[in-house]
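Biologist: Could you take me through the pockets and the salt bridges of this protein, with the cut-offs spelled out?

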Amino acid sequence: MVRTLATGIDVPWGLARLPDGTVLVSARDSFRVYRLDVAAARLGRVGTVPGVVSNVAQQGEAGLLGIAVSPTFPRDHLVYAYYSTAGDNRIAAIPWDPSAPAGRQLRTPRVLVRGIPHNVHHNGGRIAFGPDGYLYATTGEAQQPALAQDKGSLGGKILRMTTAGRPAPGNPFGTLVWSYGHRNVQGIAWDAAGRLWASEFGDHSEDELNLIRPGRNYGWPQTEGRTSRAGITGPVAQWGPPEDSPSGIAIAQGSVWMAALRGQRLWRIPLDGSATAATPQDFLVGRYGRLRSVLAVGPDTLLVTTSNRDGRQSPGAGDDRILLVRVT
């Protein structure tokens, strides 16, 4: 860990890099979006997303979740957000007016996808643009396991869409669905070869790191962890929930770096193509509490956020934080 860049944030959940190298940060329970100048360690408020509902009082997982930056941001000034309302989860495009006063730069969201299943837990929420230019989103099965196997439901899926919220060309079922059979995917990232990796909460047995391929069934609720069951794609790596409960991931220096909530650590999973190259290692164990999100901001530099104000434990002084971490 190099240093702490920011403190006192209300559950920093999503991270997305802007073309100028600064980083947008979404705060789950205050519904605010911040802009972090990494070099100066300065955090400024951009705006608040309207219509968001948090259920932190129930120790829930809803609120302002993932955030992404348009691939053509210099031209369209759009950011994308995944957020919860009282009854569903939604994905919206939000114009950003940099000429407006600080804290009031976000304009009215344009909802692209609504009706994503919502519950106290398992709301998914990670969004990112892939190397193909399409927007990917992870959804949870909203504590209704059967939704994960229902290809007609948006719950328990990884979605792939255009910037208008329509099914992207080449989607395996002609819908938004890219893969299914997921319990609650919390992190996605692409390696140098363009392969999509995802971290996923297990139930009481195994958390997973999966290599995502279009149209594949990842097994929930029929399977959890490695399996030989026909038609099911098992994980590349797995852990017990006490040492993991995975959230965001990033790829740097040939490894997946995965934040662990209950496990309170940062995992390094070395890759060799579509497999692991060595036994995963853990770092920062117990030093900063629950870890939520990871973003690569350089070839050997990560941002890592803590999640100690999310209703699962008592926060410490300075929580929640954004940490700058150097990796090898």
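Modeller: What follows is a short exchange on pockets and salt bridges. The model is predicted, so local features need pLDDT of at least 70 and side-chain atom pairs count only at pLDDT 80 or more, while totals for chains, interfaces and linings use all residues. Residues are numbered from 1 along each chain as its sequence is written, and side-chain values use heavy atoms, with hydrogens and water left out.

Biologist: Into which classes do the residues lining the largest pocket divide?

Modeller: A pocket is an open set of points on a 1 Å grid over the protein atoms alone, where a 1.4 Å probe fits, with protein on both sides within 12 Å along at least five of seven lines, and lining residues have an atom within 4 Å of a point. The lining (Ala, Val, Leu, Ile, Met, Phe, Trp, Tyr, Cys and Pro count as nonpolar, Asp, Glu, Lys and Arg as charged, the others, Gly among them, as polar) divides into two charged, seven polar and 20 nonpolar residues.

Biologist: Is D310, which forms a salt bridge with R290, buried or exposed?

Modeller: In this salt bridge (a side-chain nitrogen of Lys or Arg within 4 Å of a carboxyl oxygen of Asp or Glu), the closest N and O atoms of D310 and R290 are 2.9 Å apart. Buried means under 20% relative accessible area, exposed over 50% and partly exposed in between, with a 1.4 Å probe and protein chains only. Because its relative accessible area is 1%, D310 is buried.
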